[in-house]
Amino acid sequence: MKIFVTVGTTTFDEMIEAVDKLGLNGITFQIAKGIYIPKSGEYFTFTDEIEQYYEQSDLIITHAGAGSIYKLLEKRKKILVVPNVSRTDSHQLQIAKYLDVNNYAFVSYHVNDIEKTFFSLDNKILTKYNKTPFFGCDFL
Amino acid sequence: MKKNKVDFCIVYGSGGHQEQARRLVRNILSSKGLNMTFFSIRDTESTKIKGDYNNYKYDFVIPPFRDKYSKISTFKNLILNFLFTPKMLFILLVYRPSFIISPGPGCAIPIFIIGKLLGIRTIYVESWSRFYKLSWTGKLMLKFSSDFWYQNIDLKDICRPDAIWVGRL
């Protein structure tokens, strides 16, 4: 399984480290300005071509940034979402809960749960994501 | 002065706010006409909206409003934003957009206040990551933006009565 890990535009060293310690190889990590350097695969900070990494991967482990998540779900990718709670607000928990309740993605609410969630991925079939597309321009 | 007029102003910050701004602009142009002109006011952590637009007239950069990792930096940014007020006032007076639209974050607040004082329509779009609680910016914008749009229907009961659910970008 080809795995890609992404933290978006903000750092999330705890998640990178937790995935790094799963004992796997060949993972690709996007670490932003993080200082933890993973050893179980290649890494980079940022890219303009993140869609290519999405396309090539079977599983994407991602922080709970809505931008990353919606792009991935729209591409019908399998994702494991980990909210970053080291920020000063906890809004990443909201989308994590939404995804969990609707069964759109795998969710680990704590980095310590990543291992357990990862090794039980086959036990759950996800629901296909759908949304009501934006129609705000009707009101302009 | 008339030839300076630009149709709308998009205000945004980095990360998900920028992606939402990009989608907003794309939606507005494809729905209202590709010859609509616009300019951006964005914070220093963001970049210009990507896309092949020849109607993307100007791009202004201001300090971010809040530092998500530090309350001290937030205070410093509040002072910086206050100092930028004359510039923002000048920009809005010169380019006179028909509306100012923003998916946040807080860098939009000073511009919305100035815009409102100038009688410009101000449209705030609450973030697509908000389902059960509004953002700080959203809570403030509830009180004074001309229009309050939200993307997740779960927020209906905590928005003001004239807030509009607009689907998801």
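Which residues does Ile10(B) touch, not counting those up to four places away in sequence? Ile10(B) touches Ala21(B), Leu24(B), Val25(B), Phe38(B), Phe39(B), Ser40(B), Ile41(B), Ile49(B), Ile101(B) and Pro103(B). Contact here means heavy atoms within 4.5 Å.

**Basis**

This is a predicted model: local features need pLDDT of at least 70, side-chain atom pairs count only at pLDDT 80 or more, and totals for chains, interfaces and linings use all residues. Residues are numbered from 1 along each chain as its sequence is written, chains are lettered from A and ligands numbered from 1 in the order in which they are written, and side-chain values use heavy atoms, with hydrogens and water left out.

**The two chains**

Chain A has five helices and six strands. Chain B has five helices and seven strands. Helices (H or I, at least four residues) and strands (E, at least two) are DSSP runs, numbered from the N terminus. The elements of chain A run β-α-β-β-α-β-α-β-α-β-α from the N terminus on. Chain B reads β-α-β-β-α-α-β-α-β-α-β-β along the sequence. The radius of gyration of chain B is 15 Å, close to the 15 Å of the globule rule for 169 residues, so chain B is as compact as a globular protein of that length. Chain A has 15 Å, which agrees with the value near 14 Å for a compact globule of 140 residues. The radius is taken over C-alpha atoms, and the globule rule is 2.2 Å times the number of residues to the power 0.38.

Some chain totals follow in the table. Buried means under 20% relative accessible area, exposed over 50%, partly exposed in between (1.4 Å probe, protein chains only). Accessible areas come from the Shrake-Rupley method with a 1.4 Å probe; for residues, only the protein chains shown count as cover.

| Item | Value |
|---|---|
| C-alpha box, chain A | roughly 50 × 35 × 30 Å along the principal axes |
| C-alpha box, chain B | roughly 45 × 35 × 30 Å along the principal axes |
| Buried residues, chain A | 52% of the 140 residues |
| Buried residues, chain B | 56% of the 169 residues |
| Exposed area, chain A | about 6800 Å², 49% of it from carbon and sulfur atoms |
| Exposed area, chain B | about 7900 Å², 61% of it from carbon and sulfur atoms |

Sequence separation can be read from the contacts. In chain A, residues 24 or more positions apart account for 46% of the contacts with a separation of 6 or more. In chain B, 54% of the contacts between residues at least 6 apart join residues at least 24 apart.

Charges come next. Lys and Arg count as positive and Asp and Glu as negative; His and the chain ends are not counted. The place of a charge is NZ of Lys, CZ of Arg, CG of Asp or CD of Glu. Chain A carries 15 positive and 17 negative charges, with mean positions 4 Å apart. Chain B carries 26 positive and 12 negative charges, and their mean positions are 4 Å apart.

**Nonpolar cores**

A nonpolar core is a set of buried Ala, Val, Leu, Ile, Met, Phe, Trp, Tyr and Cys residues joined through side-chain atoms within 4.5 Å. The largest has 44 residues. Those with the most contacts inside it are Ile69(A), Ile79(A), Ile95(A), Leu99(A), Phe8(B), Ile10(B) and Ile101(B). Elements of chain A that give two or more residues to this core are helix H2 (50–56), helix H3 (66–74), strand E5 (78–82) and helix H4 (92–101). From chain B they are strand E1 (8–12), helix H1 (16–32), strand E4 (99–102) and strand E5 (121–125). Apart from this core lies another, of 31 residues, among them Ile111(B), Ile120(B), Leu134(B) and Cys159(B).

In H4(A), the buried residues are Gln92(A), Gln94(A), Ile95(A), Ala96(A), Tyr98(A) and Leu99(A). They pack against strand E4 (59–63), H3, E5 and strand E6 (106–107) of chain A.

Val94(B) lies in helix H3 (residues 85–95) of chain B. At 11% relative accessibility, Val94(B) counts as buried. Its C-alpha atom is 9.9 Å from that of Lys3(B), 91 residues apart along the chain.

**Backbone exceptions**

Most residues other than glycine have a negative phi, and most peptide bonds are trans. Ala32(A) has a positive phi of about 50°. Ala32(A) sits in the loop between strand E2 (27–30) and strand E3 (41–44) of chain A, and counts as buried at 1% relative accessibility. Arg76(A) has a positive phi near 65°. Arg76(A) sits in the loop between H3 and E5 of chain A, and is partly exposed at 49%. Asn103(A), just after H4(A), takes a positive phi of about 60°. In chain B, a cis peptide bond joins Gly104(B) and Pro105(B), with omega about 0°. Pro105(B) is in the loop between E4 and helix H4 (108–117) of chain B.
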